[in-house]
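My notebook is open, and I am going to look up a few places one by one. Come along and check each entry against the picture.

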Amino acid sequence: MKYANMMTLDIIAKQSDIQLPTYTLRALMKQIFEGIRAFHSSDLVHRDIKCDNILLHSPPGSDRVHIKISDFGFAKKVDLNNKQTYLAGTIPYMSPEQFHENPIITQKVDIYALGVTFFKLITHKYPVNERFLKQQRKKMTQLKFIDRPPEIKDNVLWDLLSKLLEFDTNKRISAADALKHPYFISSEAIADISKDQQDLAS
């Protein structure tokens, strides 16, 4: 791919032997949040955020990695007046409310999908991944929250992820608010990300 010479996040997520350094993970996450924040500012919802739709591109000789969000086939304007009568998205990334009958779809479905994306990037597995749609729906309607996996030891990181994976849409964080989370703005976070990485992610 001309503008994704490092392919997609799925390349990393599928390889359990790859553990990203904290500064790399933080910089990648910040870039992705910036992209979603900008996209959501246009009153749009993507509806198919996933590892395979986040492209990685490193301009030759730059030593930088740019994040690109792709595949807008399911994207649409936010519509709070009409219920969705069909499934849109990739099952393991779908939020709890998407399994309700004729749900109202908001930008919060993208936020949940981002939570799944980061969860998979770190742990190399999905929070919930039943074999069939019917089983996934049943499991998602039974759950109240996503359990913290042992692979995520950073309390601040898990606090952010748990806010992305929040089942209550009213409590689920926005992309703009996620960028204000201590995971990105604490003194430890600022020290962890180089000036070049901060510039790239801003």
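I began with a definition: a residue is buried when its relative accessible area is under 20%, exposed when it is over 50%, and partly exposed in between (1.4 Å probe, protein chains only). Next I noted that this is a predicted model, where local features need pLDDT of at least 70, side-chain atom pairs count only at pLDDT 80 or more, and totals for chains, interfaces and linings use all residues. I also noted that residues are numbered from 1 along each chain as its sequence is written, and that side-chain values use heavy atoms, with hydrogens and water left out.

**Entry 1: helix H2**

I looked up Leu-28 and found it in helix H2. For the labels, helices (H or I, at least four residues) and strands (E, at least two) are DSSP runs, numbered from the N terminus. Is Leu-28 buried or exposed? Its relative accessible area is 7%, so I wrote down "buried". I then listed what Leu-28 touches, leaving out residues up to four places away in sequence: Leu-9, Leu-20, Leu-56, Val-65 and Ile-67. Contact here means heavy atoms within 4.5 Å. I also checked His-66, which is 38 residues from Leu-28 in sequence but 8.5 Å from it in space, C-alpha to C-alpha.

Gly-35 lies in helix H2 too, which covers residues 22-40. Gly-35 has 28% relative accessibility, so I put it down as partly exposed. From Gly-35 to Ile-67 I noted 32 residues in sequence and 8.2 Å in space, C-alpha to C-alpha.

**Entry 2: two positive phi angles**

I turned to the backbone and stopped at Arg-47. Arg-47 is not a glycine, yet its phi is positive, at about 75°. I found Arg-47 in the loop between strand E1 (44-45) and strand E2 (54-57). With a relative accessible area of 7%, Arg-47 is buried.

Asp-71 went on the list as well, since it is a residue other than glycine with a positive phi, near 60°. Its loop runs between strand E3 (66-69) and strand E4 (76-77). Asp-71 has a relative accessible area of 40%, so I marked it partly exposed.

**Entry 3: the cavity**

How many cavities of 30 Å³ or more does the structure hold? I found 1. On a 1 Å grid over the protein atoms alone, a cavity is a set of points where a 1.4 Å probe fits but cannot get out, and lining residues have an atom within 4 Å of a point. The largest cavity holds about 60 Å³ of space, where a volume is the space filled by probe spheres set on the points, and grid points are joined across faces, edges and corners. Among the residues that line this cavity I wrote down Arg-47, Asp-48, Gly-89, Tyr-93, Gln-98 and Asp-110. By class, the lining has 5 nonpolar, 3 polar and 3 charged residues. For these classes, Ala, Val, Leu, Ile, Met, Phe, Trp, Tyr, Cys and Pro count as nonpolar, Asp, Glu, Lys and Arg as charged, and the others, Gly among them, as polar.

**Entry 4: H3 against H5**

I compared helix H3 (residues 108-123) with helix H5 (residues 155-164), whose axes come within 8 Å and cross at roughly 140°. H3 and H5 are therefore oblique to each other. The contact includes Ile-111, Phe-118 and Ile-122 of H3, and Trp-158 and Leu-161 of H5. By class, I noted 10 nonpolar, 1 polar and no charged residues in this contact. Axes are lines fitted to C-alpha atoms, for helices over the stretch in contact, and angles run from 0 to 180 degrees between N-to-C directions. Angles under 35 degrees count as roughly parallel, over 145 as roughly antiparallel, 65 to 115 as roughly perpendicular and the rest as oblique.

**Entry 5: Arg-137**

My last stop was Arg-137, in helix H4. Arg-137 touches Leu-87 and Phe-99, not counting residues up to four places away in sequence. The C-alpha atoms of Arg-137 and Phe-99 are separated by 5.6 Å, with the two positions 38 residues apart along the chain. At a relative accessible area of 32%, Arg-137 is partly exposed.

Note on methods:
On a 1 Å grid over the protein atoms alone, a cavity is a set of points where a 1.4 Å probe fits but cannot get out, and a pocket is an open set with protein on both sides within 12 Å along at least five of seven lines; lining residues have an atom within 4 Å of a point.
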